[in-house]
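Please look over the model shown here. The report below deals with its rings and its charged side chains.

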Amino acid sequence: MASPPDTSKTIKLERYNSYLRRLHSTKVLNASSKLLFRATLLIALVLILFFTLNYPPLSDNIPNHAHLHHHNFLSTAFFTSSGAGGAAWEKQVRHSSTPKRRNGLSVLVTGAAGFVGSHCSLALKKRGDGVLGLDNFNSYYDPTLKRARQKLLLRHEVFIVEGDLNDASLLRKLFDVVPFTHILHLAAQAGVRYAMQNPQSYVSSNIAGFVNLLEVAKAASPQPAIVWASSSSVYGLNTQVPFSELDRTDQPASLYAATKKAGEEIAHTYNHIYGLSLTGLRFFTVYGPWGRPDMAYFFFTKDILQGKPIDVYQTQDDKQVARDFTYIDDVVKGCLGALDTAEKSTGSGGKKKGPAQLRVYNLGNTSPVPVANLVSILEGLLSTKAKKHVIKMPRNGDVPYTHANVTLAFKDFGYKPTTDLATGLRKFVKWYVNYYGIQTRVKKGSAFNSEHPEESA
């Protein structure tokens with residue numbers, strides 16, 4: 001009888017292979033655990049770096065210069081990793097801000113997607129200056145209009161960085177990349193009535209944002225000269241007309257006016273302590289193509305075309321409200337004149353080395369027009385009768401006239417408004433019907449569709 005086959009070797013081989021498999025699995029598991037631990041540690045370090053960047057320590061034990069250096073290093077790392085500060089982004093920033101003409105300016109324009117900001121940016125670029133825009137594209141009014149302005153500027157090689165004035169890291173990054181010669185600071189929370197709904201937005205933008213910009217500018221080397229937008233609202237309850245830069249401005253009639261007045265005092269302080277060259281421009285009711293939808297002439301046009309009633313204000317004693325309507329091209333002329341005549345700042349690295357230029361000017365049309373006249377001109381241009389709703393203003397709620405004396409501006413940088421209200425409104429309505437694609441009966445000879453609306457930007 002044959003003996004059964006010997007399977008001991010096979011069994012041993014299977015046991016050995018099983019042992020090898022268990023050993024391999026253990027090694028893989030150990031390796032995976034180490035890899036997982038290292039990945040977790042790396043993610044933790046990245047998170048620590050991120051939160052260190054966005055939430056810096058509150059301790060005051062670190063010297064200021066060391067803290068700034070550390071923060072700048074982290075900021076640069078963050079911008080590069082996020083793409084909003086990488087090589088392509090910096091190339092756009094440099095290209096946009098590099099002058100094309102000899103001895104041209106390099107200007108940072110805040111609020112560049114806004115009404116006045118977009119017009120000034122385009123005018124500066126067209127004459128060969130370098131222009132870099134900054135705007136946060138907030139929703140105070142329809143951001144679509146701001147985006148349309150942005151596209152127009154981009155076609156003229158003006159790049160707008162999307163960011164906020166209160167983002168100090170972003171501002172420092174911009175100044176690291178570009179040695180700006182000038183700042184045209186037009187970003188602000190506008191509107192008088194909106195302050196009753198959102199007062200904090202005025203403090204954040206018009207005061208805190210302005211201070212943040214000045215802080216970065218004072219530390220720059222060289223320091224830029226700054227031209228910034230104040231407002232005719234600072235005259236407040238003053239009834240002496242025409243308004244002069246020498247008039248008192250300590251009776252603001254709105255929170256908006258109070259923040260603009262605060263800005264003028266803050267500008268004086270930074271000029272005195274740090275040697276920043278500062279020029280404030282008090283605008284008087286700016287209007288024109290690509291304007292702000294919250295302005296009366298703009299929504300009057302819209303409501304008249306839609307057959308809606310419009311509110312026309314009168315004082316308690318039946319006086320008509322009149323405004324110094326200033327056409328956008330004239331305001332641009334004043335802004336560029338202020339930039340061209342601005343003297344260099346005298347500080348360096350935050351230290352004043354001598355007295356610096358400090359100026360404030362009215363930019364108005366010197367010819368106040370009753371609001372009723374504005375409505376009448378619009379009725380003629382639109383060939384449509386307005387449905388007027390007359391409202392009595394509360395006492396001390398406003399002044400019947402805003403009238404600018406611009407003698408100083410004319411003397412110092414040749415500012416002279418030349419556009420009358422009828423001419424300016426004709427250009428605005430031409431742009432309005434083209435931009436919104438409105439088919440309307442127009443007064444013979446107006447030729448609203450004869451030109452491309454971009455020509456008025």
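What follows covers the overall build, then the aromatic pairs, then the charges.

**Overall build**

The model is predicted. The chain has 457 residues, and 47% of them are buried. Its secondary structure comes to 13 helices and 15 strands. Take the contacts between residues at least 6 apart in sequence: 81% of these join residues at least 24 apart. The accessible surface is about 23,600 Å². Carbon and sulfur atoms account for 57% of that surface.

**Aromatic pairs**

A pair of aromatic rings is described by the distance of the centres and the angle of the planes. The count for this structure is 30 aromatic pairs. One of them joins Tyr202 and Tyr256. The ring centres lie 6.3 Å apart, and the planes meet at 75°. The pair is edge-to-face because its angle is over 60 degrees. Tyr202 belongs to helix α7 (residues 199-219) and Tyr256 to helix α8 (residues 255-274). The two are 54 residues apart in sequence, so the pair ties together separate parts of the chain. Tyr202 is buried, at 0% relative accessible area. Tyr256 is buried too, at 12%.

Phe298 and Phe428 make a further pair. Here the centres are 5.5 Å apart and the planes stand at 55°, so the pair is tilted. Phe298 sits in helix α9 (residues 296-306). Phe428 sits in helix α13 (residues 421-435). The pair links distant parts of the chain, 130 residues apart. Phe298 has a relative accessible area of 4%, so it counts as buried. Phe428 is buried at 0%.

Which residues share an aromatic cluster with Phe298 and Phe428? The other members are Tyr287, Trp290, Tyr297, Phe325, Tyr327, Trp431, Tyr432, Tyr435 and Tyr436.

**Charges over rings**

Two rings have a charged end sitting over them. Lys146 places its charged end over the ring of Tyr141, 4.6 Å from the centre. Arg147 does so over the ring of Phe137, 3.7 Å from the centre.

**Salt bridges**

Side chains of opposite charge can pair when their charged atoms come close. The whole structure contains 16 salt bridges. The table gives some of them.

| Basic residue | Acidic residue | Closest N and O atoms |
|---|---|---|
| Lys173 | Glu90 | 2.8 Å |
| Arg248 | Asp250 | 2.8 Å |
| Lys385 | Glu379 | 3.9 Å |

How far apart in sequence are Lys173 and Glu90? They are 83 residues apart, and the pair links distant parts of the chain. Lys173 lies in helix α6 (residues 168-177), and Glu90 lies in helix α3 (residues 87-97). Both residues are buried.

In the bridge between Arg248 and Asp250, Arg248 is partly exposed, with a relative accessibility of 49%. An exposed residue needs over 50%, so Arg248 does not count as exposed.

Is Lys385, the partner of Glu379, buried or exposed? Lys385 is exposed, with a relative accessible area of 64%. Glu379, in contrast, is buried at 10%. This bridge therefore joins an exposed residue to a buried one.

Some salt bridges also form a network. Its members are Arg101, Arg127, Asp129 and Asp340.

Notes
Residues numbered from 1 in each chain as written. Predicted model: local features only at pLDDT ≥ 70, side-chain atom pairs only at ≥ 80, totals over all residues. Heavy atoms only, no water. Phe/Tyr/Trp six-rings, centres within 6.5 Å; stacked < 30°, edge-to-face > 60°. Helix = DSSP H or I, 4+ residues; strand = E, 2+ residues; numbered from the N terminus. Buried < 20%, exposed > 50% of the residue type's maximum accessible area, 1.4 Å probe, protein only. Lys NZ or Arg CZ within 6 Å of the ring centre and 35° of its normal. Contact = heavy atoms within 4.5 Å. Areas by Shrake-Rupley, 256 points an atom, 1.4 Å probe, with all protein chains shown as cover. Salt bridge = Lys/Arg side-chain N within 4 Å of Asp/Glu carboxyl O.
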